[in-house]
Amino acid sequence: MKYRIQLSAVLFLSLIANGSVAQPAGEAGEIPPEVLDANFTEADAAREASLWRERTVERAPADPLAEMSAAADLVVRGTVTGQEVVHDAGGTPYTHTTLDISEVLEGGYGGSEITVVQEGGPLRDKPDEVLILSHTHYFTPGQEELLFLQLNPDSPHPYSRVVIKNRFGVLNGKVFNENGRGLIYTEQEEAPGYTLSLSRNRHPHPRFSDFKIGPHEFSKRFSERDEEVGNNDYPASTPLKRVRPGYQAGVDVSTFKNALARQGGYNDE
């Protein structure tokens, strides 16, 4: 059985100029239409016209690579070579992750290594307990990473000198997000010339689910829906497997570099 709901609009009109208020038809004090018309000035007409004037709001198409590039001072590809947990005077743990840089994709950096300091790690007085923060990126030695970094070398705080703005993992020459979703890059004619999305499923390699903090090893757990759907870009009724490619269609590093070069002005000469 279908039901139909009819909605009607009600307009409330106040006449501020003479302090009177329009009354329902048939009631005492009702203002005749000719009186309303007589009191309708050019200024009133201009105000009304301004409310109904057609306005075109132009929105630039999403350009995620340009946005990521603009937010970062340095884009590097490198391999995690070591970790060290350091505690401050108050006992708060900070994990120092060192990467051996194999390639600078954007920005200027003369060193061969870079160290990222992030809050979290085993507690000094209780080494079996580990502080884990939701906004912190955790790494495992031996993994290859592609990082968009913001540099604040003059900061008095080690954890804010190198800030991760965006992080991607590299596996077998392809680019993935932190949880193993393949980065799907598709060229198109309309601006900005491409689309960027995530694969419908995750790569099963343990590097996307397992990580280490000091001597402790952890595994991420993903819900059954997250395993197959990921972010909710489409209604539940949409056949996602036909709409969104699998991780095997993820972009390779070379294509990613070329796309970033066009957006961020990178030059490999």
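This is a short talk that walks through one predicted protein model.

Hi everyone, and thanks for coming. Before we start, some housekeeping: this is a predicted model, where local features need pLDDT of at least 70, side-chain atom pairs count only at pLDDT 80 or more, and totals for chains, interfaces and linings use all residues. Residues are numbered from 1 along each chain as its sequence is written, and side-chain values use heavy atoms, with hydrogens and water left out.

Let's begin with confidence. pLDDT is the predictor's confidence in each residue, on a scale from 0 to 100. The chain averages 80, and 72% of the residues score at least 70. Two stretches deserve care. Residues 1-26 stay under 50, and the model has 13 contacts for them beyond four places in sequence; a contact, by the way, means heavy atoms within 4.5 Å. Residues 229-241 are also below 50, with 18 contacts beyond near neighbours in sequence. Where pLDDT is low, the predicted coordinates should not be read in detail.

Now the overall picture. The chain has 6 helices and 12 strands. Those are DSSP runs numbered from the N terminus: helices are H or I with at least four residues, and strands are E with at least two. Of the 269 residues, 33% are buried. Buried means under 20% relative accessible area, exposed means over 50%, and partly exposed lies in between, using a 1.4 Å probe and protein chains only. The accessible surface comes to about 17,500 Å², and carbon and sulfur atoms hold 50% of that; the areas come from the Shrake-Rupley method with a 1.4 Å probe, and for residues only the protein chains shown count as cover. Among contacts with a separation of 6 or more, 58% are between residues 24 or more positions apart.

What sits in the largest nonpolar core? A nonpolar core is a set of buried Ala, Val, Leu, Ile, Met, Phe, Trp, Tyr and Cys residues joined through side-chain atoms within 4.5 Å. This one has 18 residues, and L65, L146, F148, F168, V175 and F256 touch the most other members. At least two residues each come from α3 (64-71), β6, β7 (162-171), β9 (181-187) and α6 (253-264). The top supplier is α6, with 4 residues. If you'd like one residue to click on, try V175: its contacts beyond four places in sequence include L146, F168, L183 and F256. There is also a second, separate core of 12 residues, including V80, I101, F139 and I164.

Next, strand β7. Is it enclosed or not? 7 of its 10 residues are buried, so β7 is largely enclosed by the rest of the structure. β7 pairs with β6 in the antiparallel sense over 8 bridges, where two strands count as paired if DSSP finds at least two bridges between them. In that pairing, E144 stands opposite V170. On to β8: 3 bridges join it to β7, again antiparallel, and L171 has K174 as its bridge partner. β7 and β8 form a hairpin with 2 residues between them. One residue in that turn is N172, which has a positive phi of about 55° although it is not a glycine. Most residues other than glycine have a negative phi, and most peptide bonds are trans. N172 counts as exposed because its relative accessibility is 72%.

While we're on backbone geometry, have a look at A191 and P192: a cis peptide bond joins them, with omega about 5°. P192 lies in the loop between β9 and β10 (194-202).

A second hairpin is worth a visit. Strands β11 (210-213) and β12 (216-219) pair in the antiparallel sense over 4 bridges, and D210 stands opposite S219. There are 2 residues between the strands, and G214 takes a positive phi near 60°.

That brings us to T140, in the loop between β5 (130-131) and β6 (144-151). T140 is buried, with a relative accessible area of 14%. Which residues does T140 touch, leaving aside those up to four places away in sequence? They are V80, D210, F211 and K212. The T140 side chain also reaches the backbone nitrogen of K212 at 3.3 Å.

Last stop: V243, in helix α5 (residues 240-243). V243 counts as partly exposed because its relative accessibility is 36%. V243 and R200 are 43 residues apart in sequence, and their C-alpha atoms are 8.6 Å apart in space.

That's the tour, and thanks for listening!

Note on methods: A polar contact is a pair of N or O atoms within 3.5 Å; within protein, one must be able to donate a hydrogen and the other to accept it, and residues adjacent in sequence count only if both atoms are side-chain atoms.
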